[in-house]
Amino acid sequence: MSKAVFKLIADNKVEFVDLRFADMRGLQHHVTFPVTAIDESLFEDGKMFDGSSISGWKGINDSDMVLMPDPESAILDPFSADPTLILICDVLEPSTMQAYTRCHARWRTAPKRS
């Protein structure tokens, strides 16, 4: 699956990868990396980030979290001035690699409201 992501990156001369996730209120957050910081390990190990920066999540003493991207969510950002790839992520507890309960990663699959 991640081979398709790297093909998309190469074919579109992507410069940045934007990892996105949602908190328990449905508010989207993101962190952007230069494409040179992205390799196959992204889809195996994820990327670490500081969960204490998200309101209501973790304290500073226990703040490490993992962003695990879903390769099937890959899409080019149509609004970015620089070629940017968006990946939706699950947030995981690094000690167990299980889903963090305050992350609403499945916001991307939520039914549309009429």
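Visitor: What makes D11 and K7 about one helical turn apart?

Guide: In this predicted model, they sit four residues apart in helix α1 (residues 2-11), so about one helical turn separates them.

Visitor: And why is D11 with K7 called a salt bridge?

Guide: The closest N and O atoms of D11 and K7 are 2.6 Å apart, and the cut-off is within 4 Å, so the pair qualifies.

Visitor: Is K7 buried or exposed, and how do you know?

Guide: K7 has 51% relative accessibility. Exposed means over 50%, so K7 counts as exposed.

Visitor: What makes D77 and R20 a salt bridge?

Guide: Their closest N and O atoms are 3.4 Å apart, and that fits the within 4 Å rule. The pair links distant parts of the chain, with D77 in the loop between β5 (75-76) and β6 (84-92) and R20 in strand β1, 57 residues apart.

Visitor: Which residues make up the network around R20?

Guide: D18, R20 and D77 are joined by salt bridges that share partners. R20 and D18 meet at 2.6 Å, N to O, and both are buried.

Visitor: Why does D77 count as buried?

Guide: D77 has 16% relative accessibility; buried means under 20%, so D77 counts as buried.

Visitor: Why is D39 called partly exposed?

Guide: At 40%, D39 falls between the 20% and 50% limits, so partly exposed is the label. D39 lies in the loop between β2 (28-34) and α2 (42-45), and gathers with E40, E44 and D45 in a patch of negative charge on the surface.

Technical notes: Residues numbered from 1 in each chain as written. Predicted model: local features only at pLDDT ≥ 70, side-chain atom pairs only at ≥ 80, totals over all residues. Heavy atoms only, no water. Patch = residues over 30% accessible without salt bridge, like charges linked within 9 Å, V, L, I, M, F, W, Y side chains within 5 Å. Areas by Shrake-Rupley, 256 points an atom, 1.4 Å probe, with all protein chains shown as cover. Salt bridge = Lys/Arg side-chain N within 4 Å of Asp/Glu carboxyl O. Lys, Arg positive; Asp, Glu negative; His and termini not counted. Charge placed at Lys NZ, Arg CZ, Asp CG, Glu CD. Helix = DSSP H or I, 4+ residues; strand = E, 2+ residues; numbered from the N terminus. Buried < 20%, exposed > 50% of the residue type's maximum accessible area, 1.4 Å probe, protein only.
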